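These are my notebook entries on one structure. I record what I looked up, entry by entry.

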Amino acid sequence: ATTVTNCSFFGNGASSEKMRSHGGAIDSTESITNCVFSGNIADRGGAVSNVTSVTNCAFVGNWAFFTLESPITEGGAILEATTVTNSILRENYAGNEEASELNQAAIVGSLTYSDIQGGWAGAGNIDANPLFVDADGPDNDIGTADDNLRLTSGSPCIDAGNNSAVPTGITTDLDGSS
């Protein structure tokens with residue numbers, strides 16, 4: 001099984017002239033843990049498409065972009081995931097520059113213990129400002145490598161997850177803190 005752990009994906013894009021693009025950063029993997037996705041773009045699944053398990057990840061400022069070749073967009077952040085747990089989904093959109101809508105995810109089996117802008121039914125989910133250190137970084141442009149998606153000490157996301165959902169062997173966060 002393919003596993004992606006402790007990675008950051010900023011400003012990636014997927015495109016295709018002949019067919020729809022999926023997953024601006026990742027298209028198809030088994031599991032993703034302790035990763036950050038910001039400023040990624042694709043026709044469907046702005047950041048990620050076709051994944052079994054997503055745990056302890058942040059998705060901020062990703063976009064499923066409408067084009068004339070691909071008039072249907074879905075999953076500003078995630079398209080087709082079996083489970084999403086202990087994650088943050090904020091400012092992810094689907095549409096185009098003229099008409100876009102908040103669109104965090106599409107075709108997700110279970111989304112729990114996460115902070116989802118706009119709300120989402122599921123155990124432990126909240127819709128609250130996660131209080132990032134600096135979500136768009138010093139350049140004030142979301143989706144670039146200078147973005148700081150670490151949580152400040154007053155974040156409602158701290159200790160709000162489900163520890164039993166963390167995969168075996170994962171004992172630290174992306175920064176290496178336990």
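Entry 1: Thr29. The model I consulted is a predicted one. I began with the side chain of Thr29, which has a polar atom 3.1 Å from the backbone oxygen of Thr2. I located Thr29 in strand β3. Its relative accessibility is 9%, so I entered Thr29 as buried, the cut-off being under 20%. I then listed the contacts of Thr29, leaving out residues up to four places away in sequence: Thr2, Thr3, Val4, Asn50, Val51 and Thr52.

Entry 2: the sheet. I next looked up the sheet to which β3 belongs. Five strands make up an open sheet with parallel pairing, and their order is β1-β3-β6-β9-β13. Which strands stand at the edges? I noted β1 (residues 3-5) and β13; each has a single partner strand, so one side of each lacks a neighbour in the sheet. From one strand to the next, the twist averages 20°. I also examined β9 and β13, which run parallel and are joined by six bridges. For Thr83, I found that the bridge partner in β13 is Ser110. As general background, I wrote down that strands of a sheet pair through backbone hydrogen bonds, either parallel or antiparallel.

Entry 3: the nonpolar cores. The largest nonpolar core has 21 residues, and the members that touch the most others are Ile32, Phe37, Val48, Phe59 and Ile78. Two or more residues come from each of the elements β3 (26-33), β6 (48-55), β9 (78-85) and β13 (105-112). I followed Val48 further and, again not counting residues up to four places away in sequence, recorded contacts with Gly23, Ile26, Ile32, Phe37, Phe59, Ala77, Ile78 and Leu79. Another core, of seven residues, lies apart from the largest one; among its members are Ala58, Val60, Phe132 and Leu149.

Entry 4: the aromatic rings. I searched the whole structure for aromatic pairs and obtained three. Is the pair of Phe9 and Phe37 stacked or edge-to-face? The ring centres are 4.9 Å apart and the planes are at 5°, so I recorded this pair as stacked. Phe9 belongs to strand β2 (residues 8-10) and Phe37 to strand β4 (residues 36-38), so the pair ties together parts 28 residues apart in sequence. I checked burial as well: Phe9 counts as buried at 16% relative accessibility, and Phe37 counts as buried at 0%. The rings of Trp63 and Phe65 have centres 4.8 Å apart and planes at 85°, so I recorded that pair as edge-to-face. Trp63 is partly exposed at 24% relative accessibility, and Phe65 is partly exposed at 22%. Finally, I noted that Phe9, Phe37 and Phe59 form one aromatic cluster.

Entry 5: Asn40. I closed with a residue in the loop between β4 and β5 (41-42), namely Asn40. Is Asn40 buried or exposed? Its relative accessibility is 1%, so Asn40 counts as buried. Its C-alpha is 6.3 Å from that of Phe10, although the two residues are 30 apart in sequence. A polar atom of the Asn40 side chain lies 2.9 Å from the backbone nitrogen of Asn12. Among the residues that Asn40 touches, I noted Phe9, Phe10, Gly11, Asn12 and Trp63. Two of these names, Phe9 and Trp63, appear in the aromatic pairs of my previous entry.

Methods: Residues are numbered from 1 along each chain as its sequence is written. This is a predicted model: local features need pLDDT of at least 70, side-chain atom pairs count only at pLDDT 80 or more; totals for chains, interfaces and linings use all residues. Side-chain values use heavy atoms; hydrogens and water are left out. Rings of Phe, Tyr and Trp (its six-membered ring) pair if their centres lie within 6.5 Å; planes under 30 degrees apart count as stacked, over 60 as edge-to-face and the rest as tilted. Helices (H or I, at least four residues) and strands (E, at least two) are DSSP runs, numbered from the N terminus. Buried means under 20% relative accessible area, exposed over 50%, partly exposed in between (1.4 Å probe, protein chains only). A nonpolar core is a set of buried Ala, Val, Leu, Ile, Met, Phe, Trp, Tyr and Cys residues joined through side-chain atoms within 4.5 Å. Contact means heavy atoms within 4.5 Å. Two strands pair if DSSP finds at least two bridges between them. Axes are lines fitted to C-alpha atoms, for helices over the stretch in contact, and angles run from 0 to 180 degrees between N-to-C directions. A polar contact is a pair of N or O atoms within 3.5 Å; within protein, one must be able to donate a hydrogen and the other to accept it, and residues adjacent in sequence count only if both atoms are side-chain atoms.
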